[in-house]
Each structure stands twice: as C-alpha cells, then as structure tokens.
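Biologist: Please take a close look at one part for me, the packing of the helices, and then carry the account on to the surroundings of the ligand.

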Amino acid sequence: MKIIQSLPAFKRTIDALKRRRKTIGFIPTMGFLHEGHLSLVRRSKKENEITVVSIFVNPLQFGPFEDFKRYPRDLVRDRSLLEKERAELLFVPRAEDLYPADSQTSVSLKVITKPLCGISRPTHFNGVATVVMKLLNLARPDILYLGQKDYQQCRVIEQMIEDLNVPVTVRKVFTKRETDGLAMSSRNSLLSKPERAEASLIYNALQQCAQAVHSGERRAAKLKKDMKRVLTLASLGFLDYAEIVDAKTLADVVNLKKGDKVLAAVAVYFGETRLIDNILIKL
Ligand code: AMP
C-alpha cells in the first residue's frame with residue numbers, strides 16, 4: 001500500500017491512475033479504524049480496481065468545546081489493518097496543507113444540516129461538507145463509500161453532490177455493530193466500562209421503536225417518548241435527542257403513513273463522548 005501525505009504527490013498519483021483509466025473507490029475516514037470502516041474498504045475492493053482511503057481528523061468539523069484533541073488516533077495500527085485489506089492507497093494529509101491560512105472558501109448547506117446533530121453541533125456538517133468536497137476533488141473517485149451509521153452525514157454529502165453536480169456515485173453501507181448491538185465507532189474506545197455497558201441501550205431503544213412501528217404504532221410523539229424512556233435507563237448517559245424524521249429531508253414527522261420511509265435517530269452523551277445511531281423504518 002502506498003502512503004502519501006503531500007497534496008501534490010497525491011494529485012500526481014491520482015492523475016497517473018486516471019490516465020490508466022483505473023476505477024477508484026474512495027473511503028474518507030478519521031482513522032482509528034474498526035470493522036465498520038473495513039466493511040467500506042471491502043465493498044470498495046469488490047467494486048473498483050483501486051481503493052483509496054484517507055485518514056484525516058478534520059478540525060473544521062469539531063466545535064470549540066468538542067473532542068478534537070481527545071479523538072483517538074493510531075496510524076501504525078490503521079496502516080497495518082489497511083494493508084491486510086489490500087487497500088492500494090492511503091492519503092494522510094496535514095491540516096496546514098488542506099487548510100492553508102489564506103484559503104477563503106467553504107461549503108455550506110442551508111437546511112439538511114440544521115436538525116438532529118445540527119442542533120448541538122451547528123458548524124459540524126459544513127465542516128464535513130467542506131472537507132469531503134476537497135477530498136473528492138483530490139481523489140476524483142468513481143464511487144464514494146459512506147456508512148449509514150452517520151445517516152445525516154450521508155444525506156448532507158448526497159445533497160452537496162447533487163447541488164454541485166459532483167461526478168461521483170455514492171454507496172451507503174450498512175452499520176456494523178458489536179455483538180450487543182452498539183454501533184461500532186472510534187469513539188467507543190473513549191467509554192469507561194460502565195458507560196460501554198449502558199451504551200447498548202441506544203440500539204435497544206431504536207429496535208424497540210422499529211418493533212412498535214411494525215406492531216402498528218403510528219404516532220411519532222409516542223415512539224419518541226418510548227425511546228427516551230429506554231434511554232433514561234442509561235444512568236451515565238445524557239440524552240441529546242431521540243427523533244423520528246423523514247428519511248430524505250430529515251424534517252419532523254408527526255404521524256407515520258403507509259409508504260413512508262422514516263429514520264429513528266438518537267444521540268447520547270456519555271461524559272464528553274457523544275454517540276449516535278439510527279435505524280431506517282419503511283412502512
Ligand atoms: P469516521 O472515521 O467516523 O469519520 O467514519 C468514516 C466512515 O466510516 C464514514 O462514512 C462512517 O459513516 C463510516 N462508519 C463509521 N462507523 C461505521 C459503522 N459502525 N458501520 C459502517 N460504517 C461506519
């Protein structure tokens with residue numbers, strides 16, 4: 001696997017691949033890789049000649065009081081995991097190269113960035129959109145792989161790609177879970193043992209919600225109340241939100257109807273560590 005830090009060297013490598021008409025699959029990550037990330041890599045390996053992974057803890061998507069400094073990092077381990085998966089190219093840009101002091105441009109979306117995580121993280125998704133747009137321009141992939149665990153992020157990026165006519169196909173990959181249902185996340189490593197034990201309640205709440213819908217419950221208010229009731233059992237957790245929204249627009253839903261596709265989405269703080277998860281429900 002080739003590892004590249006400099007932007008010009010990365011561009012030259014991509015240019016050469018493009019000249020040889022290689023198909024490129026791209027997986028942007030913040031590193032500290034786990035099976036969730038690796039499932040995206042495996043999917044890309046199946047569908048493309050070249051799999052490019054980036055590792056960049058993007059300062060732009062963290063708020064001033066968030067966990068940028070604490071975010072787990074282990075490039076040596078990440079590199080060996082990616083080598084085992086036979087990824088062809090690892091891009092590890094430096095923040096000062098991606099964001100030179102004189103840069104002036106950012107990408108911002110008006111609506112889809114506002115609900116759910118956008119309430120407690122008002123600058124987060126514009127930071128995500130900006131870095132992903134830059135990485136897409138550098139990697140020029142045919143297919144971009146995103147995890148459904150970060151569902152709002154998927155929707156933000158899909159909207160940006162549509163709005164800006166970016167020539168790339170998006171593949172959303174199912175959420176990989178631990179055996180107790182907790183969605184895999186680099187941030188899980190920051191949980192204490194008792195917090196980790198309680199964190200499985202997040203998936204319990206989501207599953208119970210899906211179950212209630214399948215049993216005929218249609219009132220979003222009741223579904224949200226029940227999710228919150230389950231989540232209050234996490235005595236070490238602090239609920240950020242438990243919502244039912246339209247799966248495309250992320251707008252609030254009041255009553256679920258036949259044919260609807262909705263998202264049950266949850267965010268819970270354990271100390272400074274914020275965990276998110278969601279489940280798609282088709283009626
Ligand atoms: P991150 O390193 O957290 O920015 O994630 C990089 C990519 O991996 C994003 O597209 C995430 O949605 C995806 N991802 C993270 N966790 C999981 C998971 N448990 N299952 C599937 N994809 C995931």
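**Helix packing and the ligand shell**

Modeller: In this model, which is predicted, helix 9 passes helix 10 in a right-handed crossing. Helix 9 covers residues 201–214 and helix 10 covers residues 220–231, and the two pack with their axes 9 Å apart at an angle of about 150 degrees. Angles over 145 degrees count as roughly antiparallel, and helix 9 and helix 10 are therefore roughly antiparallel to each other.

A second pair is formed by helix 6, residues 124–139, and helix 7, residues 151–163, whose axes lie 10 Å apart and meet at an angle of about 55 degrees. That angle makes helix 6 oblique to helix 7. The crossing in which helix 6 passes helix 7 is right-handed.

Turning from the helix pairs to the ligand, 17 residues surround it, and those that come nearest are M30, H37, D150, K176 and M184. Three of these residues can be described through their backbone atoms: a polar backbone atom of M30 is 2.9 Å from an oxygen atom of the ligand, while a nitrogen atom of the ligand lies 2.9 Å from a backbone N or O atom of K176, and a backbone N or O atom of M184 likewise lies 2.9 Å from a nitrogen atom of the ligand. On its own the ligand has 490 Å² of accessible area, of which the protein covers 94%. Two or more residues of the shell come from each of strand 2 (24–29), helix 2 (35–47) and strand 5 (143–147), and it is helix 2 that gives the most, with three residues. Sorted by class, the shell around the ligand holds seven nonpolar residues, seven polar residues and three charged residues.

Conventions:
Residues are numbered from 1 along each chain as its sequence is written. This is a predicted model: local features need pLDDT of at least 70, side-chain atom pairs count only at pLDDT 80 or more; totals for chains, interfaces and linings use all residues. Side-chain values use heavy atoms; hydrogens and water are left out. A residue is near a molecule or strand if one of its heavy atoms lies within 4 Å of it. A polar contact is a pair of N or O atoms within 3.5 Å; within protein, one must be able to donate a hydrogen and the other to accept it, and residues adjacent in sequence count only if both atoms are side-chain atoms. Accessible areas come from the Shrake-Rupley method with a 1.4 Å probe; for residues, only the protein chains shown count as cover. Helices (H or I, at least four residues) and strands (E, at least two) are DSSP runs, numbered from the N terminus. Ala, Val, Leu, Ile, Met, Phe, Trp, Tyr, Cys and Pro count as nonpolar, Asp, Glu, Lys and Arg as charged, and the others, Gly among them, as polar. Axes are lines fitted to C-alpha atoms, for helices over the stretch in contact, and angles run from 0 to 180 degrees between N-to-C directions. Angles under 35 degrees count as roughly parallel, over 145 as roughly antiparallel, 65 to 115 as roughly perpendicular and the rest as oblique. A crossing is left-handed if the near helix is turned anticlockwise from the far one by less than a right angle, and right-handed if clockwise.
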